[in-house]
Amino acid sequence: MTIETAASTSTASTGQPEESPLRLMWYKFRAHRLAVWSLWIIVGLYLMAIFANFLAPFDPETRTGLPYSPPSWPTVMADDGFNWPPVVYGVTSKLDMKTFKRVYTVDTTRQYPVKLFVAGDQQSWFGLFASDRHLIGVESGGAFFLMGTDALGRDVFSRVIYGSRISLSIGLVGVSISLVLGVILGGISGYFGGAIDLVVQRLIEIIQCFPSIPLWMALAAALPHDWTTVQVYFGITVILSLVGWTDLARVVRGRFLSLREEDFVMAARLAGASEARIIGKHLLPSFASHIIASVTLSIPSMILAETSLSFLGIGLTPPALSWGVLLQTAQNVNTLAISPWLLLPGGMVIITVLAFNFLGDGLRDAADPFAKERLS
Amino acid sequence: MWRFILRRLMWMIPTLVIISIISFIIIQLPPGDYLASYIARLESRGSNVDQATIDSLRMRYGLDDPLIVQYFKWLGNILLHGNFGYSFEWRLPVSQLILERLPMTFLVATASLLFAWSVALPIGIFSAVKQYSLADYFFTVLGFLGLGIPNFMLALVFLYLSNRYFGLSVGGLFSPAYLNAPWGIHKILDLLSHLWIPVIIIGTAGTAGLIRITRANVLDELRKPYVETARAKGLHPMLLILKYPVRIALNPFISSIGFILPGMISGEVIVSIVLNLPTTGPLLYSALLSQDTYLAGAFVLMLAVLTVIGVLISDILLAWLDPRIRLS
């Protein structure tokens, strides 16, 4: 205790406050510009998921009566001049009797100004209260479809926003389950070593050389058909985590192995600390940053896996909404040929996966602020 | 070397046992045994199934035995007779269906691996030697994009573009004319003209990772004193790089097959469903949807076994390349 006070007064006397490790990490993280941008993108994406009912112009199940309508963006150049607020035009659909394709013609005489806080579909806010206000939209009749509509005339953009709830949360839930498994098994393996270590390591190797998609497909297809959406959701996450924990276990084990020999662990042991205290109080905090970085890097593969399974129709199925479920409608090449905008939900998947990858990269660099700059 | 291979082969045994257990679980997982669904299917067609037939079928497939006995029966049939069970959907022995499809899967996956390799190695070396150049950034971005785009998305985009701009369908591995033709030089050429599309689609995901690995490895080597010495002695820069740093950087490259191959097989399965290739993907998919459990289980088993063999080969290659590994 006395030593500690002495140390703190000495730094205070030099007038230079010592930087905490957390602050050092933040400095290092900030230097990775791409990672900082990615962080903001991810924050934005999750905010979008939370406030979906306010941000989406339509209810995801509202059928506008305009199936396969192409994306129509608001324009400020209406009536041969600058116009504010921007407007969208009305569209009329006609069935081409020769090709049996639906043809949309833009009707420039019908103009709908884009407004903020416009009244639209009634939305319930987490069952607490209801509101019919949407951040942006037009009065009914205008074709305000930023990403077009699907076969039933539902607005793809609104569905993408709602779909982010499942797509983004499945990564977090799945990684949490993998993390628990990984920390327990990796920790046991690294801390005790010996035969236990050997068994766990073999298990990890076996799981890692299993081609994951066929395995996931088989397990997901075996989920009972009468399960509710929520049950399927958790079933899928558990299936994904059963494979996903191995990387995290490796990181935890590696850290345990290297830290086990450190002086401060020996000191704690000599001072009579229990195993649980050493692990919980001394070891876990010292590699928490590494775990956070690895966790971030394993979220994208979870998101990709859910998207792939749902795309195939053996993960989540409608009425559940995720980006993979939305992409399922793009499975047919003939549908795709006339309405390529149905692929746009995939763009969200790519943005999310890239953002998590860059963020994870930045966090990994920042995880060890005392390490010398890596040469590469 | 032989001792290393032997030890490595011994390690494969527990791996294979666990793989077989997982595959057996997959067969057993769907609610109700497959005979029940078979009978339901027969009855829906209007045919009458009497109790005696059911009993004799149950007897034949040993469905009343405890699970562990069923497992050994199943495994024994595979190991001793090559009998993987019977596909009720196709009314064919599973082994026959698998033999038709599995070689093509392996062909596509191996070709994708070779593609990823041959693209990633030069790009990785180049990016390392010309670090922070415009080209380095370009390939880095391209690599990350490959990482972020789901395989099936790329396949869909390919489908759309070829349909839109070339008016042809890219599905399948053969032109209709060669579908049932006997193997010959023309059929092989036809196969090659179709093969490149899935190979590029599946390969890109792996390429991204491989470029990063190669680049990091070569960079690490380039900073070492021996490189400087060689350079000071006047060795031609190109020769120097290819002769020393690249050779050492190749090791992790080969060991990475171990974790890239499962990804390739996975990618092959999903891409072949989208492109409708005559490989395991579409068949596994339909087997899973119709609960043709023996077929599905056998596919998962064989895909995993093939992957394990692929990893084994990469380990042996690595040991052959690097004496430190086989002697430790």
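This is a guided walk through a two-chain model, from the chains to their helices and then to the contact between them.

The model is predicted, so a few ground rules help: local features need pLDDT of at least 70, side-chain atom pairs count only at pLDDT 80 or more, and totals for chains, interfaces and linings use all residues. Residues are numbered from 1 along each chain as its sequence is written, while chains are lettered from A and ligands numbered from 1 in the order in which they are written.

Let's start with chain A. Its secondary structure comes to 13 helices and 4 strands, where helices (H or I, at least four residues) and strands (E, at least two) are DSSP runs numbered from the N terminus. Of the 376 residues in chain A, 38% are buried; a residue is buried if 20 or more other C-beta atoms, placed from the backbone, lie within 10 Å of its own, exposed if 12 or fewer, and partly exposed in between. Two residues are in contact if their C-beta atoms, placed from the backbone, lie within 7 Å. Among contacts in chain A between residues at least 6 apart in sequence, 70% join residues at least 24 apart.

The domain assignment, which is automatic or taken from a database, gives chain A domain 1 (61–153) and domain 2 (159–367). Taken over C-alpha atoms, the centres of these two domains are separated by 38 Å. Their contact takes 8 residues from domain 1 of chain A and 7 residues from domain 2 of chain A. On the domain 1 side, the residues divide into 5 nonpolar, 1 polar and 2 charged; Ala, Val, Leu, Ile, Met, Phe, Trp, Tyr, Cys and Pro count as nonpolar, Asp, Glu, Lys and Arg as charged, and the others, Gly among them, as polar.

Now follow helix α3 (residues 33–50) of chain A, which packs against helix α13 (residues 344–367) of chain A at an angle of about 135 degrees, with the axes 8 Å apart. Axes here are lines fitted to C-alpha atoms, for helices over the stretch in contact, and angles run from 0 to 180 degrees between N-to-C directions. Residues of α3(A) including Leu34(A), Ile41(A) and Leu45(A) meet residues of α13(A), among them Ile351(A), Phe356(A) and Leu359(A). The residues of this contact divide into 11 nonpolar, 3 polar and 1 charged.

A second partner of α3(A) is helix α5 (residues 156–192) of chain A: the axes come within 8 Å and cross at roughly 110 degrees. The two helices are therefore roughly perpendicular to each other, a label used for angles of 65 to 115 degrees. In this pairing, Leu45(A), Tyr46(A), Met48(A) and Ala49(A) meet Ile161(A), Ser164(A), Arg165(A) and Leu168(A).

Helix α9 (residues 263–270) of chain A is hardly covered, with 0 buried residues among its 8. Just after α9(A), Gly272(A) takes a positive phi of about 90 degrees.

Chain B has 15 helices and 2 strands, and 36% of its 328 residues are buried.

Finally, the two chains meet in a contact that takes 45 residues from chain B and 35 residues from chain A. Elements of chain B that give two or more residues to its side include α1 (2–28), α8 (185–222) and α14 (293–321). The residues on that side divide into 35 nonpolar, 7 polar and 3 charged.

Notes
Parallel < 35°, antiparallel > 145°, perpendicular 65-115°, else oblique.
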